[in-house]
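Please prepare a short report on the structure shown below, covering its strands, its aromatic rings and a few individual residues.

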Amino acid sequence: QVQLVESGGGLVQAGGSLRLSCVASGLSNMYVMGWFRQAPGKEREFVSTISLNGGNTKSSDSVKGRFTISRDNAKNTVYLQMNSLKPEDTAVYYCALGNVITERRSGYRYWGQGTQVTVSS
């Protein structure tokens, strides 16, 4: 059974940084790993994704230049380094596993429970 556990969320002031981690277990295959987020009252939106070997990444325009996705396949872990955080980054952040690099939620098969990120102004 595949399980994803996110960690690293918390409360931070605007301009600060956080590093999210997501550990996957129960894997029998390699997957594309991605991050999404959902703010209160809004749809879950794409943040960033990374290919199997980490050589290809894609991020939303809203986080480009501020957030960096990376992965450690030996640890089955994906990271999201978030710098220059803004109040509008406040959301629950979810990691997900999929088969292709895509921004679409439907492209991801497994989802974590999420970790809260709150950015104060």
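The report that follows treats the strands, then the aromatic rings, and then three single residues.

## Basis of the model

The structure is a predicted model, and the values below should be read as properties of that model.

## The four-stranded sheet

Four strands make up an open sheet, in the order β1-β3-β8-β7 and with antiparallel pairing. Strands β1 (3–7) and β7 (67–72) stand at the edges of this sheet, and because each has a single partner strand, one side of each is left without a neighbour in the sheet. From one strand to the next, the twist averages 15°.

The pairing of β1 with strand β3 (residues 18–25) is antiparallel and consists of five bridges. Within this pairing, Ser7 stands opposite Ser21 in β3.

## Strand β11 and its partners

Strand β11 (residues 115–120) has side chains that alternate between two faces: Thr115, Val117 and Val119 point to one face and are buried, whereas Gln116, Thr118 and Ser120 point to the other and are not buried.

Strand β2 (residues 10–13) pairs with β11 in the parallel sense over four bridges, and Gln13 has Ser120 in β11 as its bridge partner. Strand β9 (residues 91–98), by contrast, runs antiparallel to β11 and is joined to it by three bridges, with Val92 standing opposite Gln116 in β11.

## Aromatic pairs and the cluster

A pair of aromatic rings is described by the distance of the centres and the angle of the planes. The structure holds five aromatic pairs. One of them is formed by Phe36 and Phe46, which meet edge-to-face with 5.7 Å from centre to centre and 75° between the planes. This pair links distant parts of the chain, since Phe36 belongs to strand β4 (residues 32–38) and Phe46 to strand β5 (residues 45–50), ten residues apart. Both Phe36 and Phe46 are buried.

Tyr108 and Trp111 also form an edge-to-face pair, with 6.2 Å between the centres and 65° between the planes. Tyr108 counts as buried because its relative accessibility is 5%, whereas Trp111, at 26% relative accessibility, counts as partly exposed. Phe36, Phe46, Tyr108 and Trp111 form one aromatic cluster.

## Arg44 over two rings

Which rings does the side chain of Arg44 lie over? Arg44 lies over the face of Tyr94, at 3.6 Å from the ring centre, and its charged end also sits over the ring of Trp111, 5.1 Å from the centre of that ring. Through Trp111, Arg44 is thus placed over a member of the aromatic cluster that also holds Phe36, Phe46 and Tyr108.

## Val78 in strand β8

Val78 is found in strand β8 (residues 77–82), and β8 is one of the strands of the open sheet. Its relative accessibility is 1%, so Val78 counts as buried.

Leaving out residues up to four places away in sequence, Val78 touches Leu20, Ser21, Cys22, Met33, Trp35, Ile50, Ile69, Ser70, Arg71 and Cys95. Among these contacts is Ser21, the residue of β3 that stands opposite Ser7. Val78 and Gly107 are 29 residues apart along the chain, and their C-alpha atoms are separated by 17 Å.

## Two buried loop residues

Is Ser51 buried or exposed? Ser51, which lies in the loop between β5 and β6 (57–59), is buried, because its relative accessible area is 11% and the cut-off for burial is under 20%. The side chain of Ser51 makes a polar contact of 3.2 Å with the side chain of Asn53. When neighbours within four places in sequence are left aside, Ser51 is in contact with Val32, Asn56, Arg71 and Ile101; Arg71 is also among the residues that Val78 touches.

Gly112 lies in the loop between β10 (108–111) and β11, and with a relative accessible area of 6% Gly112 is buried. Residues up to four places away in sequence not being counted, Gly112 touches Leu4, Glu6, Tyr94 and Cys95. Of these, Tyr94 is the residue whose ring face lies under Arg44, and Cys95 is also touched by Val78. Gly112 and Glu6 are 106 residues apart in sequence, while their C-alpha atoms are 6.6 Å apart in space.

Note on methods: Residues are numbered from 1 along each chain as its sequence is written. This is a predicted model: local features need pLDDT of at least 70, side-chain atom pairs count only at pLDDT 80 or more; totals for chains, interfaces and linings use all residues. Side-chain values use heavy atoms; hydrogens and water are left out. Rings of Phe, Tyr and Trp (its six-membered ring) pair if their centres lie within 6.5 Å; planes under 30 degrees apart count as stacked, over 60 as edge-to-face and the rest as tilted. Buried means under 20% relative accessible area, exposed over 50%, partly exposed in between (1.4 Å probe, protein chains only). A charge sits over a ring if NZ of Lys or CZ of Arg is within 6 Å of the ring centre and within 35 degrees of the ring normal. Two strands pair if DSSP finds at least two bridges between them. Axes are lines fitted to C-alpha atoms, for helices over the stretch in contact, and angles run from 0 to 180 degrees between N-to-C directions. A polar contact is a pair of N or O atoms within 3.5 Å; within protein, one must be able to donate a hydrogen and the other to accept it, and residues adjacent in sequence count only if both atoms are side-chain atoms. Contact means heavy atoms within 4.5 Å.
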